[in-house]
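Hi,

Here is the structure I promised to pass on. Have a look at it first, and my notes follow underneath.

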Amino acid sequence: AALAVEALAGPEETASAALADAAGAEMQRDLRAILERFDGCALKATASRTVFSDGTPGARLMLVGEAPGRDEDLSGLPFVGRSGQLLDRMLAAIGVDRSSAYIANVIPWRPPGNRTPTPQELEICLPFIRRQIALADPDVLVTLGGPAAQSLFQTKEGILKLRGRWLDYDTGRRRIRALATLHPAYLLRQPGQKAFAWRDFKAIRRALDGG
């Protein structure tokens with residue numbers, strides 16, 4: 001499939017091209033190379049770099065956020081700013097660190113000003129994160145924040161209704177246990193909600209332990 005999408009292509013054509021490109025990836029490094037060459041999302045033109053992943057592909061736990069922020073755009077790694085530091089502490093509280101998890105975003109390029117990604121941007125990038133999840137093949141999938149959950153679970157429900165509820169995520173090869181929880185950036189703004197996130201992370205620990 002052509003990796004460069006003409007500027008005049010509409011969202012549906014661009015999403016179709018992304019789907020075809022993503023399907024051609026047999027390994028994580030292939031998918032990363034495809035993303036580096038993909039020109040169908042305008043966010044790539046304003047971002048410093050592609051933020052692909054951190055941690056270990058094939059880890060039992062995979063976490064997916066919505067998009068990189070400024071710190072992530074500069075470093076090329078997801079969740080390295082203040083919200084990433086909080087995520088690290090949350091993971092440590094259940095005995096997990098970055099080397100024993102796999103972390104990515106639905107969108108690998110920073111939206112200008114850290115704005116929320118548009119539905120069109122999420123649609124274009126969705127095939128890539130779906131393929132990334134399928135290749136990683138985790139036992140437990142966790143989405144961080146509303147846009148990531150709504151995109152991957154194809155729902156319009158808000159995160160406060162979605163969080164804490166176990167769902168099945170179908171990779172096409174098997175079903176993975178999946179849980180939506182609150183984004184660390186939201187918890188920094190609303191620290192009173194941390195109790196809900198802690199409840200979710202304890203459920204994640206039980207799932208990893210086979211509960």
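Let me start with one residue, Asn 105, which sits in strand β3 (residues 102-105). Is Asn 105 buried or exposed? Its relative accessibility is 5%, and buried means under 20%, so Asn 105 counts as buried. Its side chain reaches the backbone nitrogen of Glu 66, at 3.4 Å. Glu 66 also turns up among the contacts of Asn 105 once neighbours within four places in sequence are left aside. The others on that list are Val 64, Gly 65, Ala 67, Pro 68, Pro 78, Phe 79 and Ile 129.

Asn 105 and Ile 129 come up again in the cavity search. That search gave one cavity of 30 Å³ or more, with a volume of about 40 Å³. Asn 105 and Ile 129 are both in its lining, together with Leu 35, Val 51, Phe 52, Val 106, Pro 108, Cys 125, Phe 128 and Gln 132. Which helix gives the most to this lining? That is helix α6 (residues 119-136), with four residues. By type, the lining residues divide into eight nonpolar and two polar, with no charged ones.

A word on confidence, as this is a predicted model. The chain averages a pLDDT of 92, and 94% of the residues score at least 70. Over residues 1-8, though, the pLDDT is below 50. In the model, that stretch has 14 contacts beyond near neighbours in sequence.

Cheers

Technical notes. Residues numbered from 1 in each chain as written. Predicted model: local features only at pLDDT ≥ 70, side-chain atom pairs only at ≥ 80, totals over all residues. Heavy atoms only, no water. 1 Å grid on protein atoms, 1.4 Å probe; cavity = no way out; pocket = protein on both sides within 12 Å on 5 of 7 lines; lining within 4 Å. Points joined across faces, edges and corners; volume = space filled by probe spheres on them. Helix = DSSP H or I, 4+ residues; strand = E, 2+ residues; numbered from the N terminus. Nonpolar A, V, L, I, M, F, W, Y, C, P; charged D, E, K, R; others polar. pLDDT = per-residue confidence, 0-100. Contact = heavy atoms within 4.5 Å. Buried < 20%, exposed > 50% of the residue type's maximum accessible area, 1.4 Å probe, protein only. Polar contact = N/O pair within 3.5 Å; in protein donor to acceptor, adjacent residues only side chain to side chain.
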